[in-house]
Amino acid sequence: MSVRVSFVIVSHSASLAVGVCELAAQMAPDVPFTAAGGTDDGRIGTSYDRVEAALEAALGAVEGEGSGVVVLTDLGSATMTVESVIDMSDEPERVRFVDTALVEGAVAASVRAQLGDSLSQVAEVAASVAPRIEAIPAPEAPKDPVPLI
């Protein structure tokens with residue numbers, strides 16, 4: 001069975017993006033991973049051009065029915081950059097941005113990609129590891145009010 005899904009890992013840090021790709025590739029050696037981290041001049045931040053080039057390379061790495069790219073990000077402005085790149089993509093239907101835990105999502109989803117799952121199936125696995133706000137218990141209010149001074 002051939003791999004149908006590749007990944008783009010977008011981070012404010014080039015080192016972090018590369019590290020996540022390296023880690024996930026240990027679990028899925030046949031899956032293409034592309035890191036898009038940092039700015040064009042090597043600083044912390046995100047680059048539209050880097051994300052666009054990574055997405056184009058990742059799309060070219062897989063083909064066939066159900067193929068495409070899962071994109072994962074670290075923080076908010078990376079998410080905004082990815083959304084802009086996808087909006088301008090020639091093949092947005094072959095791209096799934098998944099807002100999830102970056103490392104856990106990459107590792108879990110890459111295993112399914114290694115097994116030949118479709119884009120939708122791999123994206124669903126990545127989404128399944130996202131932290132759920134409703135699962136975090138709310139702190140209790142103090143029983144005795146604190147006096148104001």
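1. Let's start with a term you'll need right away: a salt bridge is a side-chain nitrogen of Lys or Arg within 4 Å of a carboxyl oxygen of Asp or Glu. Keep in mind as you read that this is a predicted model. With that term in hand, look at aspartate 40 and arginine 50: their closest N and O atoms are 3.5 Å apart, and the pair forms a salt bridge. Aspartate 40 sits in the loop between β2 (33–37) and α2 (48–61), while arginine 50 belongs to helix α2, so the pair ties together parts that are ten residues apart in sequence. Side chains of opposite charge can pair when their charged atoms come close.

2. Stay with aspartate 40 for a moment. Is aspartate 40 buried or exposed? Its relative accessibility is 52%, so aspartate 40 counts as exposed, because the cut-off for that word is over 50%. Its partner, arginine 50, is partly exposed, at 32% relative accessible area. Measure from C-alpha to C-alpha on your screen, and aspartate 40 and arginine 50 should come out 7.3 Å apart in space.

3. What else does aspartate 40 touch, if you skip residues up to four places away in sequence? The list is Ser47, Asp49 and Arg50. With serine 47 there is a polar contact between the two side chains, at 2.7 Å. So much for the loop between β2 and α2, where aspartate 40 lies.

4. Now for the other salt bridges. How many does the structure hold? There are four. One of them joins arginine 43 to aspartate 41, with the closest N and O atoms 2.9 Å apart. Both arginine 43 and aspartate 41 are exposed.

5. Another salt bridge brings together the side chains of glutamate 91 and arginine 94, at 3.1 Å from N to O. Take a look at how covered each partner is. Glutamate 91 is partly exposed, with 29% relative accessible area. Arginine 94, at 14% relative accessibility, counts as buried, because buried means under 20%. Here, then, a partly exposed residue pairs with a buried one.

6. Time to zoom out. The protein has five helices and four strands. Walking from the N terminus, you meet the elements in the order β-α-β-α-β-α-β-α-α. Try tracing that order on the model yourself. The C-alpha atoms fill a box of roughly 65 × 35 × 30 Å, taken along the principal axes.

7. How much of the protein is buried? Of its 149 residues, 42% are buried. The protein exposes about 8,400 Å², and carbon and sulfur atoms supply 56% of that area. Contacts across the sequence are worth a look too: among contacts with a separation of 6 or more, 77% are between residues 24 or more positions apart.

8. Next, the inside. The largest nonpolar core has 22 residues, and Phe7, Ile9, Val70 and Leu72 are the ones with the most contacts inside it. Which elements give two or more residues to this core? They are β1 (5–11), α1 (14–27), β3 (68–73), α4 and α5. There is also a second, separate core of 15 residues, which includes Val10, Ala36, Ala54 and Ala58.

9. Serine 11 deserves its own point. Serine 11 is in strand β1, and at 0% relative accessibility it counts as buried. Where does its side chain reach? One target is the backbone nitrogen of serine 13, at 3.0 Å. Serine 11 also has a polar contact of 2.7 Å with aspartate 74, side chain to side chain. Leaving aside neighbours within four places in sequence, serine 11 is in contact with Leu16, Ala17, Ala36, Gly37, Gly38, Gly45, Thr46 and Asp74.

10. Last stop, the surface. Met27, Val111 and Leu115 form a nonpolar patch there, with about 250 Å² of accessible area together. Of these, leucine 115 is placed in the loop between α4 (102–114) and α5 (119–128). Leucine 115 is partly exposed, with a relative accessible area of 46%.

Technical notes
Residues are numbered from 1 along each chain as its sequence is written. This is a predicted model: local features need pLDDT of at least 70, side-chain atom pairs count only at pLDDT 80 or more; totals for chains, interfaces and linings use all residues. Side-chain values use heavy atoms; hydrogens and water are left out. Buried means under 20% relative accessible area, exposed over 50%, partly exposed in between (1.4 Å probe, protein chains only). Patches are made of residues with over 30% relative accessible area and no salt bridge: like charges are joined within 9 Å, nonpolar side chains (Val, Leu, Ile, Met, Phe, Trp, Tyr) within 5 Å. Accessible areas come from the Shrake-Rupley method with a 1.4 Å probe; for residues, only the protein chains shown count as cover. A nonpolar core is a set of buried Ala, Val, Leu, Ile, Met, Phe, Trp, Tyr and Cys residues joined through side-chain atoms within 4.5 Å. Contact means heavy atoms within 4.5 Å. A polar contact is a pair of N or O atoms within 3.5 Å; within protein, one must be able to donate a hydrogen and the other to accept it, and residues adjacent in sequence count only if both atoms are side-chain atoms.
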